[in-house]
Amino acid sequence: AGMIASNWTYFNRLATFDRGTMITDYDWYSPIEVAKGVEGAPLPRVSEDQQSLEPSAIADALAFTSRTNSTALLIWHKGALQFEHYGTTFSRDSRTNSASMHKSVMALLYGVVIDEGIIPSIDEPAATYITEWANDDRAKITIRHLMQMNSGLGRAPFSLNPFSDTFKLMMGTDLNSIILTYPLVDEPNTVFAYSNTNSEVLGLILERASGMRYAELLEAKLWSKLGTRDAHLWLDGENGKARTSGGLLVTAEDWMRLGLLHLNRGQVDGQQIVPVGWMNEIITPSPTNPNYGLQTWLGTEWQELRTYGKGVPTGVPHSEDFA
């Protein structure tokens, strides 16, 4: 009882966690910190009789959405939103958890931070900011290694024990006490090993380099310039660390605007928000995985089964190549 009382937030998360609804159950995520957006003009939409896509293609996409129990389907084509559909209990105003897509938002933020000189380069040693690594093998890890998921850092072995690092990384209330403990197990830039630890360290670097909380930095440097609504960030505890491997709760239309940011090479309404050079850097394949850039999955090389690299036995099947 004393153990539960001393860490009520964690035990409450364990007791109420439902893997089936972890993406969609907004109310489960607490505490939350807000990165304010500035909602732009509504995205251009076309009426059904003006759609530029074949109705059968839209019907096929909608059927896929139904089979996969998706929360939203938005289709952009030829400069306009051609189709918009939301699942049961969802709407344009609904926020869902980004899962690992948050990593790719953080990659965009890094581009602005580097452009402003807050961090000189991603080829700088991570130990410049993660001083806990300065006097051991981890001093060889650069920020780029973390971003490309080839840092060589160890990871928590999978476990169903609620007191394991696996669960504490997913739901714990003191992420920094975990992510800074893993040793180097491979030489940096030699092995692709997708790991949330890399992304959580990257979030900590941003805070230490800028002297700002992650939500404040995200708002000031990126989110308030995209035409998006407020972003809600899941914290590990009260006034704690924002989870930068996931836990970004935003609307489907916000994701559409992020997609358009890539499509328009970092521009919003003609204004360059993220440098073009950095947009290219994000989608440059890493040396250890042709389908991974900087915290972002790519469509560079078709693979029947995409894997997450060392330490993760599962994969994601791809039946068709990207257009």
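The legends below accompany four close-up views of a predicted model.

**View 1. Helix H10 and the elements that cover its buried residues.** Helix H10 spans residues 252-263, and its twelve residues reach 17 Å from the first C-alpha to the last, which is close to the 16 Å expected at 1.5 Å a residue. Among the residues of H10 that are buried are the charged side chains Glu253, Asp254 and Arg257, together with Trp255, Met256, Leu258, Leu260 and Leu261. The cover over the buried residues of this helix includes strands S2 (72-77), S3 (80-86), S6 (248-250) and S7 (267-268), and it also includes helices H4 (101-115) and H11 (276-282). Just after H10, Arg265 adopts a positive phi of about 55°.

**View 2. The surroundings of Arg95, in the loop between S3 and strand S4 (96-97).** Arg95 is buried and yet forms no salt bridge, since the nearest side chain of opposite charge, that of Asp230, lies 5.2 Å away, whereas a salt bridge requires a side-chain nitrogen of Lys or Arg within 4 Å of a carboxyl oxygen of Asp or Glu. The backbone oxygen of Asp230, on the other hand, is reached by the side chain of Arg95 at 2.9 Å. Leaving aside residues up to four places away in sequence, Arg95 touches Tyr26, Arg229, Asp230, His232, Leu249, Val250 and Thr251.

**View 3. The hairpin of strands S2 and S3.** Strands S2 and S3 run antiparallel and are joined by six bridges, one of the pairings being that of Ala72 with Tyr86 in S3. Two residues lie between the strands of this hairpin, in which Lys78 takes a positive phi near 50°. Five of the seven residues of S3 are buried, so this strand is largely enclosed by the rest of the structure. Both S2 and S3 are included in the cover over the buried residues of H10, the helix of the first view.

**View 4. The open sheet of four strands.** The strands follow the order S1-S5-S6-S4, and their pairing is antiparallel. Strand S1 (32-35) and S4 occupy the edges with a single partner strand each, so one side of each is left without a neighbour in the sheet. Strand S5, formed by residues 231-234, pairs with S6 in the antiparallel sense over two bridges, and Leu233 stands opposite Leu248 in S6. Strand S6 also figures in the cover over the buried residues of H10.

Definitions and conventions: Residues are numbered from 1 along each chain as its sequence is written. This is a predicted model: local features need pLDDT of at least 70, side-chain atom pairs count only at pLDDT 80 or more; totals for chains, interfaces and linings use all residues. Side-chain values use heavy atoms; hydrogens and water are left out. The expected span of a helix is 1.5 Å times one less than its number of residues. Buried means under 20% relative accessible area, exposed over 50%, partly exposed in between (1.4 Å probe, protein chains only). Contact means heavy atoms within 4.5 Å. Lys and Arg count as positive and Asp and Glu as negative; His and the chain ends are not counted. A polar contact is a pair of N or O atoms within 3.5 Å; within protein, one must be able to donate a hydrogen and the other to accept it, and residues adjacent in sequence count only if both atoms are side-chain atoms. Two strands pair if DSSP finds at least two bridges between them.
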